[in-house]
Amino acid sequence: MSNAGEYEALVDPRDLLLQTDWNAVEHCCPDVAPATPVILLELLDEDPVIQGRAFRDLVEAHTRQQVFYTATAPAARFVAAVLGDPRTLARVTDRCAQEEDGLGPQTPFPLRAGLLGWLGDSVVEAMAQRERPYGDEEDLEAFLDLAPEFHAAAWPFLDTGCPEVRAAALGVLLAVLRLPALAERIPEHRERVLAAALGEGPYRLRAVDTLSCWGEEVPISSLL
């Protein structure tokens with residue numbers, strides 16, 4: 001497998017944007033946050049400061065307070081499609097000035113890891129919300145319908161790239177493998193999921209929960 005840092009974008013991002021009628025969908029706070037196409041293109045800006053701000057806008061405008069909007073699914077599809085773009089290797093921060101004043105400087109992180117983390121966390125939240133949706137259920141399901149694309153997007157980074165990206169890719173995998181649409185992929189990933197559940201990584205508990213969704217258990221003694 002080629003190193004993820006060597007990947008080139010397979011599709012022009014502007015072509016990807018043309019696949020959606022952005023006038024027909026909306027995100028949170030349209031009077032405050034930039035339009036979705038602006039946010040998505042700024043994720044691939046040459047300036048890491050702009051990229052970090054765009055990442056913050058993406059999260060705030062499309063999954064704010066765990067609510068899914070009509071623009072969330074198409075925005076997530078764009079993110080999944082451009083993860084291999086070398087510009088997502090930029091190290092960014094996403095704290096606003098007020099947060100920097102209160103919390104101190106933020107350690108920069110790879111934008112690619114941040115985007116993968118957003119996808120994985122959002123899948124977990126969307127599945128949890130099926131019992132108590134905060135927003136429109138159709139918007140939530142439209143996002144979850146993209147699980148196979150999220151799986152394909154995370155796959156190249158499971159064993160390559162920096163540790164932060166590998167961990168975030170695993171987080172996506174653990175999330176989508178709970179969905180029926182990915183049931184046929186479980187056998188090829190079982191050993192990886194079990195290893196994550198027995199390990200010390202940041203997604204250990206997510207791995208345990210994924211095994212539980214499959215009807216499997218991790219020995220309690222291994223979790224102590």
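## Aromatic rings in an α-rich chain

Starting at the N terminus, the elements of the protein chain go α-α-α-α-β-α-β-α-α-α-α-α-α-α. That makes 12 helices and 2 strands, and keep in mind that this is a predicted model.

Now the overall picture. The protein chain has 224 residues, and 47% of them count as buried. Take contacts between residues at least 6 apart in sequence: 65% of these join residues at least 24 apart. On the outside, the chain exposes about 11400 Å², with 52% of that coming from carbon and sulfur atoms.

On to the rings. The structure holds 3 aromatic pairs, and two of the pairs share F143:

| Pair | Centre to centre | Angle between planes | Class |
|---|---|---|---|
| F68 and F143 | 5.1 Å | 50° | tilted |
| F143 and F150 | 5.2 Å | 50° | tilted |

Why is the F68 and F143 pair called tilted? Its planes sit at 50°, and the tilted class takes whatever is neither under 30 degrees (stacked) nor over 60 (edge-to-face).

The F68 and F143 pair also ties together distant parts of the chain: F68 sits in the loop between helix 3 (48-62) and helix 4 (72-82), while F143 belongs to helix 7 (residues 137-144), 75 residues apart. Together, F68, F143 and F150 make up one aromatic cluster.

Are these rings buried or exposed? F68 is buried, at a relative accessible area of 3%, and F143 is buried at 0%. F150 is buried as well.

Elsewhere, there's a charge over a ring: R185 lies over the face of W155, 5.9 Å from the ring centre.

Notes. Residues are numbered from 1 along each chain as its sequence is written. This is a predicted model: local features need pLDDT of at least 70, side-chain atom pairs count only at pLDDT 80 or more; totals for chains, interfaces and linings use all residues. Side-chain values use heavy atoms; hydrogens and water are left out. Rings of Phe, Tyr and Trp (its six-membered ring) pair if their centres lie within 6.5 Å; planes under 30 degrees apart count as stacked, over 60 as edge-to-face and the rest as tilted. Helices (H or I, at least four residues) and strands (E, at least two) are DSSP runs, numbered from the N terminus. Buried means under 20% relative accessible area, exposed over 50%, partly exposed in between (1.4 Å probe, protein chains only). A charge sits over a ring if NZ of Lys or CZ of Arg is within 6 Å of the ring centre and within 35 degrees of the ring normal. Contact means heavy atoms within 4.5 Å. Accessible areas come from the Shrake-Rupley method with a 1.4 Å probe; for residues, only the protein chains shown count as cover.
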